[in-house]
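Welcome! Please take a moment to look over the sequence and the 3D view before reading on.

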Amino acid sequence: MAMADPGNPVARFDFRRGALRGSHLALYSASLVHRGGAEIDVIAIGGVAAVRVAYERDERKLAWGVFLAVLALAVFAVSGLLVGLAGSAAADIASRMRTDVPPAGQGIVGTLHATFLFLQALAEGFPVAAAALMAWAIALLAFGFFGTTTLALTVAAGERTYTVPGRDTRLFDFAELVANALTNARR
C-alpha cells in the first residue's frame with residue numbers, strides 16, 4: 001500500500017529511549033506518520049484538532065519515594081531499640097533460668113527466652129531491610145524527578161500520545177513544527 005504523503009518528510013523525530021525506542025515520527029506536509037516495528041500510524045494533519053507537548057515529573061513516584069525513605073529511616077531507628085530490648089529481656093530470662101533451683105515452668109520460660117532471641121535476631125536484620133528500602137526510595141525519587149516529555153495530538157477519535165523519558169527539547173521542537181503544519185493546513 002502506498003503511503004498517503006510520498007516524498008521527503010518536513011521533520012523527523014527518532015525515539016531513542018523509553019517504550020517507543022526504535023520508532024520514529026515523520027512529519028509530511030499533509031500527514032504525521034508514526035512508524036515502529038510492525039506498526040504504522042498515519043494521522044492526517046487536517047484531522048488534528050490540537051497539539052500539546054509537556055514535560056512532567058511523576059508525582060506519584062516522588063510521593064512513594066518519600067514514603068519509602070521515611071519508612072526506611074523508621075525501620076533503621078527501631079532496629080537498635082528492638083535489638084536492645086529483646087536482647088536484655090532474653091539475657092534476663094536466661095539468668096533467671098540458671099538461678100532457679102527447681103526448674104518449674106522451664107517449658108514456658110524456655111519458649112519466652114527463645115521468642116526474645118528470635119526477636120533480637122530479626123531486629124538485627126532490620127538495618128539491611130532499611131538499606132533495601134532506602135535504595136528503592138532513591139530509585140523511585142530519581143525516576144519521578146526525571147519525568148517524561150509527552151507529545152499529545154487531539155484527533156477526532158481521541159488523543160494520541162507519544163512519550164519519551166526525561167526532558168527532551170527535540171520533542172518540543174518537533175511539536176512546534178507539527179503545530180506550524182497544522183496552522184498552515186487550516187489557511
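This report walks through some strands, a loop residue and several salt bridges.

## Where the coordinates come from

Keep in mind that this is a predicted model.

## The three-stranded sheet

Let us begin with an open sheet of three strands, which has the order β5-β6-β7 and antiparallel pairing. Its edge strands are β5 (48–56) and β7 (158–165), each of which pairs on one side only. From one strand to the next, the twist averages 15°.

How is β5 joined to β6? Eight bridges link β5 to β6 (residues 148–155), and the two run antiparallel. To find one partnership yourself, look for Val-53, whose bridge partner in β6 is Leu-151.

## The β1 and β2 pair

Turn next to β1 and β2, which pair in the antiparallel sense over four bridges. Ala-11 has Leu-27 of β2 as its bridge partner.

The side chains along β1 alternate. Ala-11 and Phe-13 point to one face and are buried, whereas Arg-12 and Asp-14 point to the other and are not.

## A residue in the loop

Between β1 (11–14) and β2 (24–27) runs a loop, and Arg-16 is found there. Is Arg-16 buried or exposed? Its relative accessibility is 57%, so Arg-16 counts as exposed.

Leaving aside neighbours within four places in sequence, Arg-16 is in contact with Arg-21 and Arg-170. Arg-16 and Val-164 are 148 residues apart along the chain, yet their C-alpha atoms are separated by 8.2 Å.

## Salt bridges

Side chains of opposite charge can pair when their charged atoms come close. How many salt bridges does a search of the whole structure find? The search finds five.

One of them brings together the side chains of Asp-14 and Arg-12, at 2.9 Å from N to O. Asp-14 is partly exposed, with a relative accessible area of 27%. Another salt bridge joins the side chains of Arg-160 and Asp-41, at 3.3 Å from N to O. Because Arg-160 lies in strand β7 and Asp-41 in strand β4 (residues 39–44), this pair ties together parts that are 119 residues apart in sequence. Arg-160 is partly exposed, with a relative accessible area of 30%, while Asp-41 counts as buried at 17% relative accessibility.

Asp-58 forms a salt bridge with Lys-61, and their closest N and O atoms are 3.9 Å apart. Asp-58 is partly exposed, with a relative accessible area of 30%; Lys-61 is also partly exposed, at 34%. Finally, Arg-17, Asp-168 and Arg-170 are joined into one network by salt bridges that share partners.

Definitions and conventions: Residues are numbered from 1 along each chain as its sequence is written. This is a predicted model: local features need pLDDT of at least 70, side-chain atom pairs count only at pLDDT 80 or more; totals for chains, interfaces and linings use all residues. Side-chain values use heavy atoms; hydrogens and water are left out. Buried means under 20% relative accessible area, exposed over 50%, partly exposed in between (1.4 Å probe, protein chains only). Contact means heavy atoms within 4.5 Å. Two strands pair if DSSP finds at least two bridges between them. Axes are lines fitted to C-alpha atoms, for helices over the stretch in contact, and angles run from 0 to 180 degrees between N-to-C directions. A salt bridge is a side-chain nitrogen of Lys or Arg within 4 Å of a carboxyl oxygen of Asp or Glu.
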